[in-house]
Amino acid sequence: IPVVDLSQGEEACAEVLRHACESVGFFYLRRPASLPPELFDGARRFFRGSRETKDAYKARRKEDHPFGYQ
C-alpha cells in the first residue's frame, strides 16, 4: 500500500499520491502528530455526504484528463 506521509514536502506527497492513484487505486494517508485531527473533519463530512453532494464535485472524465472524484 503506498503511504502518503504528510510530514514530507508537498512535492514528495504529490508524487506518491499521483503514483498511488494512477497505478494502485488506493493509498494510506499518514498525518504528522503536529496536524490537528480537526483538519480532516471536512473530508469526513464530504465522504459521508450524499451522492448528490459529491456528484456536484465530480470531474467529468476526458481522454486528456482522466482524473477526479469518482
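**Notes on the salt bridges and Cys 13**

1. Let me start inside helix α1: Arg 18 and Glu 22 are joined by a salt bridge between their side chains, at 3.0 Å from N to O. The two residues sit 4 apart in helix α1 (residues 10-24), so about one helical turn separates them. Glu 22 is partly exposed, and its relative accessible area is 42%. Please bear in mind as you read on that this is a predicted model.

2. How many salt bridges does a search of the whole structure find? The search gives 3 salt bridges. As general background, side chains of opposite charge can pair when their charged atoms come close.

3. Helix α2 is the next place to look. Here Arg 44 forms a salt bridge with Asp 41, and the closest N and O atoms are 2.8 Å apart. Arg 44 and Asp 41 are 3 residues apart in helix α2 (residues 41-48), so they too are separated by about one helical turn. Both partners have some accessible surface: Arg 44 is partly exposed at 37% relative accessible area, and Asp 41 counts as partly exposed at 31%.

4. The pair I would turn to next involves strands. Arg 30 and Asp 5 meet through their side chains in a salt bridge, with an N to O distance of 3.9 Å. This pair links distant parts of the chain, 25 residues apart: Arg 30 belongs to strand β2 (residues 28-30) and Asp 5 to strand β1 (residues 3-5). The value of 3.9 Å falls within the 4 Å cut-off for a salt bridge, so the pair counts as one.

5. Are the partners in that strand pair buried or exposed? Arg 30 is partly exposed, with 39% relative accessible area, whereas Asp 5 is buried, with 16%. The cut-off for buried is under 20%, so Asp 5 falls in that class.

6. Asp 5 also brings us to Cys 13, a residue of helix α1. Setting aside neighbours within four places in sequence, Cys 13 is in contact with Val 4, Asp 5, Leu 6 and Gln 8. Asp 5 therefore has a place in two of these notes, as a contact of Cys 13 and as the salt-bridge partner of Arg 30.

7. Is Cys 13 buried or exposed? Cys 13 is buried, and its relative accessible area is 11%. For a distance to check in your viewer, take Cys 13 and Val 3: they are 10 residues apart in sequence and 9.0 Å apart in space, C-alpha to C-alpha.

Key: Residues are numbered from 1 along each chain as its sequence is written. This is a predicted model: local features need pLDDT of at least 70, side-chain atom pairs count only at pLDDT 80 or more; totals for chains, interfaces and linings use all residues. Side-chain values use heavy atoms; hydrogens and water are left out. Buried means under 20% relative accessible area, exposed over 50%, partly exposed in between (1.4 Å probe, protein chains only). Contact means heavy atoms within 4.5 Å.
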